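Thanks for coming. I will take a few minutes to walk through one structure, and you can follow along on the screen.

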Amino acid sequence: DKIDFSMSDGFGAKCTNIATMLTFGFPNKTIPDGFGVPFYFYQEFMKYNNFFEEIDTIIKGLDFIADRNIRKDLLKAFRKKIKKAEMPNWMLTELATMHSFFPEGTSIRCRSSSNNEDLAGFNGAGLYDSKTQHPDEGHMSKSIKQVYASLWNLRAFEEREFYRINHFEASMGVLCHPNYSDEKANGVGVSTDPIYNTENTFYLNTQIGEDLITNPNKYSIPEEILLDRIVDNEKGYTVIEHSNLIPADTTIMSKQHLEQMRDYLSLIHSEFEVLYHAEKNNSFAVDIEYKITEDNQLIIKQARPWVAYTETGNATTIHGNLDLMIFPNPTHEYILVQCDNCNLSKVKITNIMGQHFLEKRLSNTDNSSIKIPIQDLPTGVYILSGYDSNNTLFHSKRFMKNANLK
């Protein structure tokens, strides 16, 4: 009665998509070169240290089950063991060989990529940690073990437990590529407009430097741009929101980068639309993560199907501006959602990359004013969407969860 996802392609899809984009004819270094550390390494590492037996005993303990504070402490201690544990010699050799292919002095980003992401009914993205291996940190195993340990974060464990996902078939892959320091900007783009539902546009959300838009600093507001697919006016884009970290009425994305992004997103969407057999599926879109480097180069770090993409395409969108309000905004502990005469049956909270965080079903009596606790959400920018009983999207609004404002 638990989900069996031992053959899930979450990691494989991420690596395959990166490798595939290398064939699209982008300028050199637009897609970073890198290596994948497969799930097999994680499984063998855990077996080598008898960690599966150990965590099985821990999670079956009555105190672990009954007391969240005890659960938190025991998982923290288990993560420390993983970080300090030995690896088999063959694994150390393989990781050292991989490390040697990077130029000397390169900082390497080790990105978590589990096999319990993008599952039907369970997204799982954002639960785990990525680490950077700096040149003075020695063997690559240090950062790999830190990523492995994050599989046993409290929130990750509880999310899997709630959705009845088998903890022992959960595996961690790691995507390794050069780390970019002193970047000028970072952002997320979608090959449609999932936020405002405009037609023939791409959605771009960008922030200056290394202030991540999915986990921003306090009071940081990113830049929102709707980029026209086809330029039929002088500008070719609409600024929805200016970043508050740059001078007023200026943009982070230059005209050159916007033109490149239009070409890149158009090509990525059309190529993956064919590869995913989604040519006639209006719900299909691709989301990407991108950076503008210190050298002013636009880099595409990742591409994957937008998580709202469904093969059946049964969710429709009603265009219009119903009176849906969210306050306070920014917020820390809760949000109040008001939408008179909307007759909502549920609301969903996702981040701006479409990763699912919360869903609340509503009765007829409580949907005109809804209080939703958000203390457990990571700091970041989120989208709240309201749906009717036919799974029709009525409206979406953005809000910001900040660190404790008290």
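I will start with the whole chain, then go through a sheet, a hairpin, the aromatic rings and a few backbone details.

Please keep in mind that this is a predicted model. The chain has 406 residues, and 49% of them count as buried. Its secondary structure consists of 9 helices and 17 strands. The accessible surface is about 19,800 Å², and carbon and sulfur atoms account for 49% of that area. If we take contacts between residues at least 6 apart in sequence, 67% of them join residues at least 24 apart.

Now the sheet. In what order do the strands of the open six-stranded sheet run? The order is S8-S7-S6-S5-S9-S10, and the pairing is antiparallel. At the edges are strand S8, residues 237-241, and strand S10, residues 298-305, each pairing on one side only. From one strand to the next, the twist averages 20°. As a general point, strands of a sheet pair through backbone hydrogen bonds, in either a parallel or an antiparallel way. One pairing inside this sheet is that of strand S5, residues 185-190, with strand S6, residues 201-208: they are antiparallel and share 6 bridges. If you want a place to look, Gly-187 stands opposite Thr-206 in S6.

Next, strand S12 and its partners. Strand S11 covers 324-327 and strand S12 covers 334-339. The two run antiparallel, joined by 4 bridges, and a hairpin of 6 residues connects S11 to S12. Within that pair, Ile-326 is opposite Val-337 in S12. S12 also pairs with strand S15, residues 369-373, again in the antiparallel sense, over 5 bridges. There the bridge partner of Val-337 is Ile-370 in S15. So Val-337 has Ile-326 as a partner in one pairing and Ile-370 in the other, which fits the general picture that strands of a sheet pair through backbone hydrogen bonds.

Which residues of S12 are on its covered face? They are Ile-335, Val-337 and Cys-339, while Tyr-334, Leu-336 and Gln-338 make up the uncovered face. In a regular strand, side chains alternate between the two faces of the sheet. Tyr-334, on the uncovered face, has the charged end of Lys-371 over its ring, 4.5 Å from the ring centre. A similar arrangement involves Lys-348, whose charged end sits over the ring of Tyr-387 at 5.3 Å from the centre.

On to the aromatic rings. The count comes to 21 aromatic pairs. One of them is Tyr-40 with Trp-90: the pair is tilted, with 5.9 Å from centre to centre and 35° between the planes. Tyr-40 belongs to helix H2, residues 39-48, and Trp-90 to helix H6, residues 89-100, so this pair ties together parts that are 50 residues apart in sequence. Are these two rings' residues buried or exposed? Tyr-40 is partly exposed, at 49% relative accessibility, and Trp-90 is partly exposed as well, at 34%.

There is also an aromatic cluster formed by Tyr-42, Phe-45, Phe-51, Phe-52, Phe-78, Tyr-148, Trp-152 and Phe-168. Ile-55, in helix H3, residues 51-59, has contacts with members of that group. Leaving aside residues up to four places away in sequence, Ile-55 touches Leu-75, Phe-78, Trp-152 and Phe-168. Ile-55 is buried, at 0% relative accessibility. Ile-55 and Trp-152 are 97 residues apart along the chain, yet their C-alpha atoms are separated by 9.6 Å.

Last, the backbone. Most residues other than glycine have a negative phi, and most peptide bonds are trans. Where does the chain have a cis peptide bond? The bond from Phe-327 to Pro-328 is cis, with omega near -10°. Pro-328 is in the loop between S11 and S12, the hairpin we looked at earlier.

Two residues that are not glycine have a positive phi: His-277, at about 55°, and Asn-296, at about 75°. His-277 is in the loop between helix H9, 255-275, and strand S9, 286-292, and it is exposed, with a relative accessible area of 68%. Asn-296 is in the loop between S9 and S10 and is partly exposed, at 30%.

That is what I had to show.

Notes
Residues are numbered from 1 along each chain as its sequence is written. This is a predicted model: local features need pLDDT of at least 70, side-chain atom pairs count only at pLDDT 80 or more; totals for chains, interfaces and linings use all residues. Side-chain values use heavy atoms; hydrogens and water are left out. Rings of Phe, Tyr and Trp (its six-membered ring) pair if their centres lie within 6.5 Å; planes under 30 degrees apart count as stacked, over 60 as edge-to-face and the rest as tilted. Buried means under 20% relative accessible area, exposed over 50%, partly exposed in between (1.4 Å probe, protein chains only). A charge sits over a ring if NZ of Lys or CZ of Arg is within 6 Å of the ring centre and within 35 degrees of the ring normal. Two strands pair if DSSP finds at least two bridges between them. Axes are lines fitted to C-alpha atoms, for helices over the stretch in contact, and angles run from 0 to 180 degrees between N-to-C directions. Contact means heavy atoms within 4.5 Å. Accessible areas come from the Shrake-Rupley method with a 1.4 Å probe; for residues, only the protein chains shown count as cover.
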